[in-house]
Every structure is written in C-alpha cells, then in structure tokens.
Amino acid sequence: MESSLFHFSTNDNHTEQRWKDYKHLSLPSYLSQPRPDGLVPFYGFPIFSELTEEQKQKLYVAFTQFNAEVVIMLELVLYEGLKEFQSSNNDQVVVNAVKKIRWEEKLHTKGFLRFLKKETPLFPKTSFMLRNNTWLKNSFLTLVKTIPLSVALPAAKVEAFSVYYGKCLRSSYKENNLWVEVNYLHLIDESHHVSFEFDLFKHITSAANGFQKLKIIIGNFLFILLLQITFLIGCHRMIKYALPHLPRKKHIKTVLQLGKWILYGFEPYTQTRELIRNQFAKRDFFARSLFQFMHK
Ligand SMILES: [Fe+2]
Ligand SMILES: [Fe+2]
C-alpha cells in the first residue's frame with residue numbers, strides 16, 4: 001500500500017507548470033458561448049419545460065458558481081485536515097504524499113478563485129456556499145482537525161465528481177473557455193487524488209487501534225452529514241436566486257427536486273458512483289461494508 005502512496009508523491013503531472021500557465025491564460029468567458037442545456041439544472045426532468053428562458057439562464061449561472069464555491073470550500077477543509085496528518089505522522093512516505101496533495105489543493109483553490117473573481121459578477125454579493133455560513137465551515141474545520149481521517153472517503157467522492165464534471169464540461173462546449181480550462185486542469189490532478197484517499201484510508205486504518213477506528217467511523221459519518229447539509233444549503237440558495245417568488249411549500253419541493261436532479265439526473269454524478277464502486281471493489285479495508293452506501 002505504501003508503494004502506491006510513494007508513487008503518488010513522486011509522480012510528476014507537470015502540475016506546477018500547468019497552473020502557472022493558467023494564471024496568465026486569457027480565454028473567453030463561458031457566458032459568451034452558447035449555453036449547453038445539459039448543464040442547466042433540471043435538464044431531462046419534466047419541470048425543465050416549465051422554466052422560462054430567464055430562469056434557465058439563472059439556474060445555469062448559479063449552478064456554475066455553486067460548483068466553483070464548493071470546490072474552494074472543500075479544498076480548504078481538506079488542506080487543513082491533512083495538515084494535521086503531516087505534522088503528526090512519522091511515516092515519511094505518508095508525509096510526502098500528504099504534502100503533495102496539500103500543495104496541489106492550494107493551487108486549485110487559487111485557480112478557482114481566479115475564475116470566481118473574473119467570471120462570476122454575482123460573487124461575492126450573491127454566494128451559493130462560501131459566504132454567510134461560517135458555522136458550517138467551522139464545523140468542517142473542527143471535525144477534520146479533531147479526526148483528520150474523517151475527510152478521506154467523502155473527499156474521494158467529491159474529487160471523483162470533479163473529474164466527471166470536468167469531462168462533461170469539455171464535451172458540452174464546442175470551444176474552450178476559462179471554466180472548462182480550470183476544471184480540466186483540476187481533473188488532471190484530481191484523477192490521482194481519488195485512489196490516494198482510499199489508499200491513505202486503508203494504510204492508516206490498518207495500523208489504528210480499536211478506539212482510533214471508532215473515531216474514524218464517527219468522523220466519516222459526521223463529514224458525510226455535513227456534506228449533505230452543504231448540498232441542501234446550495235440547492236436552497238440556487239432556487240432562491242433563480243426562482244425567488246415560489247411559495248414556501250413549493251420552494252422546499254423544488255429544492256428537493258434539484259437535489260434529486262444532481263444525484264440522479266446529472267450524468268457526472270452517476271459516473272461518480274460507478275468510480276467509487278470500483279474503488280471499493282479494488283481494496284479490502286477496515287469497515288468497507290459500512291461505507292458501501294456511498295456508491296448506492
Ligand atoms: Fe482539488
Ligand atoms: Fe483533490
């Protein structure tokens with residue numbers, strides 16, 4: 001297992017150069033190009049045909065910004081959680097691998113922030129995740145600082161989603177733009193992070209005692225719970241922005257429908273489940289059966 005972590009830490013994807021080039025890259029705005037309807041929330045659901053053109057456009061913009069904001073927030077959480085690992089672990093192979101992933105996440109955060117600043121005029125006044133939920137960010141940070149390994153498996157799922165979302169963007173637009181590019185550069189790194197998280201989880205739990213294992217299980221469940229809350233807050237804010245005048249009952253129903261669309265109507269999420277299922281199937285690790293629901 002250590003060999004795969006070693007391989008991860010020494011594998012050169014030209015990450016540094018790619019992100020350096022990106023800093024000076026000038027590409028058209030995604031908003032200047034024809035809108036791919038497959039990227040508009042509710043596409044393929046009956047409600048989609050009831051939406052006005054203005055509502056579709058608002059949902060499209062909100063969903064794009066929401067994705068960028070979630071990436072930034074969760075990368076910060078991962079960065080901080082793994083910091084604990086780096087300082088508390090004596091195993092040099094683990095430390096080097098963790099150092100590398102933290103460095104990459106920092107580059108990603110800067111890249112997505114550049115996109116937000118340049119191409120999302122709504123931000124920061126209108127925010128779908130990063131602003132006005134300090135309690136959520138603090139809960140995530142407290143959890144990962146207390147139980148660093150609580151981040152590994154849930155992060156792998158979010159990272160798998162980034163990979164398929166990036167691929168979906170590339171195939172949805174006819175020409176390149178800054179949103180496609182930042183997600184493409186991100187997916188090149190993230191495609192290695194998914195198996196890294198599983199390997200790290202297996203490696204650390206194999207040497208953990210009973211009490212530590214219990215803490216890791218609780219930590220992972222709490223992290224997954226916080227992710228669900230993140231997801232619902234995002235759906236609530238996107239609907240509030242795009243369909244502001246819905247009565248309360250209809251609003252809640254539409255928020256839940258949006259959640260359902262992301263989980264079951266949006267192709268990248270279906271592919272994410274498949275990849276996570278394969279990662280589980282490849283390895284035998286502690287409490288594997290307990291976490292199988294993550295790919296259902
Ligand atoms: Fe990342
Ligand atoms: Fe990552």
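Helices α3 and α5 are roughly parallel to each other in this predicted model, because angles under 35 degrees count as roughly parallel and the two pack at an angle of about 25°. Helix α3 covers residues 53-88, and its axis lies 8 Å from that of α5. The crossing of this pair is right-handed. On the α3 side, the residues that meet α5 are M73, V77, E80, G81 and E84. Their counterparts in α5 are K137, F140, L141, V144 and K145. Sorted by character, the residues of this contact comprise 5 nonpolar, 1 polar and 4 charged.

Helix α5, which runs over residues 134-146, also meets helix α8, residues 210-242. Here the axes come within 10 Å and cross at roughly 165°. With angles over 145 degrees counted as roughly antiparallel, α5 and α8 are therefore roughly antiparallel to each other. The crossing of α5 and α8 is left-handed, whereas that of α3 and α5 is right-handed. From α5, the contact with α8 draws on L136, S139, F140 and L143. From α8, it draws on G219, L222, F223, L226, I229 and T230. This contact holds 7 nonpolar and 3 polar residues, with no charged ones, while the contact of α3 with α5 includes 4 charged residues. A helpful landmark when viewing the structure is F140 of α5, which takes part in the contact with α3 and also in the contact with α8.

These two packings can now be placed in the chain as a whole. The chain has 10 helices and 0 strands, and along the sequence its pattern reads α-α-α-α-α-α-α-α-α-α. Among the contacts with a separation of 6 or more, 80% join residues 24 or more positions apart. One example of helices that meet is the pair α5 and α8, formed by residues 134-146 and 210-242.

The overall dimensions complete the picture. The C-alpha trace spans about 55 × 45 × 35 Å along its principal axes. For 296 residues, a compact globule would have a radius of gyration near 19 Å, and the chain agrees with this because its own value is 19 Å. Of the 296 residues in the chain, 38% are buried.

Conventions:
Residues are numbered from 1 along each chain as its sequence is written. Chains are lettered from A and ligands numbered from 1 in the order in which they are written. This is a predicted model: local features need pLDDT of at least 70, side-chain atom pairs count only at pLDDT 80 or more; totals for chains, interfaces and linings use all residues. Axes are lines fitted to C-alpha atoms, for helices over the stretch in contact, and angles run from 0 to 180 degrees between N-to-C directions. Helices (H or I, at least four residues) and strands (E, at least two) are DSSP runs, numbered from the N terminus. Angles under 35 degrees count as roughly parallel, over 145 as roughly antiparallel, 65 to 115 as roughly perpendicular and the rest as oblique. A crossing is left-handed if the near helix is turned anticlockwise from the far one by less than a right angle, and right-handed if clockwise. Two residues are in contact if their C-beta atoms, placed from the backbone, lie within 7 Å. Ala, Val, Leu, Ile, Met, Phe, Trp, Tyr, Cys and Pro count as nonpolar, Asp, Glu, Lys and Arg as charged, and the others, Gly among them, as polar. The radius of gyration is taken over C-alpha atoms; the globule rule is 2.2 Å times the number of residues to the power 0.38. A residue is buried if 20 or more other C-beta atoms lie within 10 Å of its own, exposed if 12 or fewer, and partly exposed in between; C-beta atoms are placed from the backbone.
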